[in-house]
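Work through the exercises below with the sequence and the 3D structure at hand. Each task is followed by a worked solution.

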Amino acid sequence: MEPISFASFSLASILASLPVNGEAVSKPTVTTHISPAIAGQWEIDLDSGITMTKEAQAKQAAPKLPTGKIDEPKVSADAEGGVLTQNEKRIVKVQPTSSKNLLTAKSTQCREIYNFAADNEMWAVSGKEWTYGRYLVTHRDEGLPIIALKTVYDNNEVDCSGNQVDQTGEALIAFLNHEGNKMQWCADPEGTECFMNFTRILP
């Protein structure tokens, strides 16, 4: 997955309070609430305008110049009996398509799948990379709730965008803007500066 950097938060202590698998919790240290609304499988399209890096946007916006020979139509003009005539011949190359060709075509989109379980566990898949972690959602009196996520394990394979970064031990804290089957992670409590846009796939 593409590494995400975000400003440190005083809520970083929340991540330390997440119990390791099998560890008994003696007493609660913070008041939190796991939002059942985000439990399920979500997809993020890293090629979308919201989540695309500036480099990727510039590459995609660059004009594609044609490669190879361009077949111009052959036009011949003549005059018959004082009337100008024109004959145009075009060579049209039609490539047959079949369902087999459509199924074997590789997608150029970079998509990541995130699974949020109801027991604070999260795992994600991007290309050959998969990660496992723990998450926590804290609801506040004002503004959007906060999601804190810590990566516990990363298999350190190449993700769908071509990056290979071991995110083990990394933490992310963001404001959570969620409505129905759409979810955004934002940099501000009002939800005006959002940097990740998710769509629900499965409940």
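Two strands pair if DSSP finds at least two bridges between them; strands (E, at least two residues) are DSSP runs, numbered from the N terminus. The model is predicted, so local features need pLDDT of at least 70 and side-chain atom pairs count only at pLDDT 80 or more, while totals for chains, interfaces and linings use all residues. Residues are numbered from 1 along each chain as its sequence is written, and side-chain values use heavy atoms, with hydrogens and water left out.

**Exercise 1.** Find the residue in β10 that stands opposite K182.

Solution. Start with the two strands: β9 covers residues 182-186 and β10 residues 194-202. They pair in the antiparallel sense over five bridges. Opposite K182 stands T199.

**Exercise 2.** State in which order the strands close into a barrel.

Solution. The order is β1-β4-β5-β6-β7-β8-β9-β10, eight strands with antiparallel pairing.

**Exercise 3.** Locate the salt bridges and say whether E121 and R134 are buried or exposed.

Solution. A salt bridge is a side-chain nitrogen of Lys or Arg within 4 Å of a carboxyl oxygen of Asp or Glu. The structure holds two. One joins E43 and R111, with the closest N and O atoms 3.6 Å apart. E43 lies in β1 and R111 in β4, so this pair ties together parts 68 residues apart in sequence. In the other, E121 and R134 have their closest N and O atoms 3.6 Å apart. E121 belongs to β5 and R134 to β6, so the parts tied together are 13 residues apart in sequence. Both E121 and R134 are buried (under 20% relative accessible area, with exposed over 50% and partly exposed in between, for a 1.4 Å probe and protein chains only). E43, at 23%, is partly exposed, and R111, at 31%, is partly exposed too.

Methods: Helices (H or I, at least four residues) and strands (E, at least two) are DSSP runs, numbered from the N terminus.
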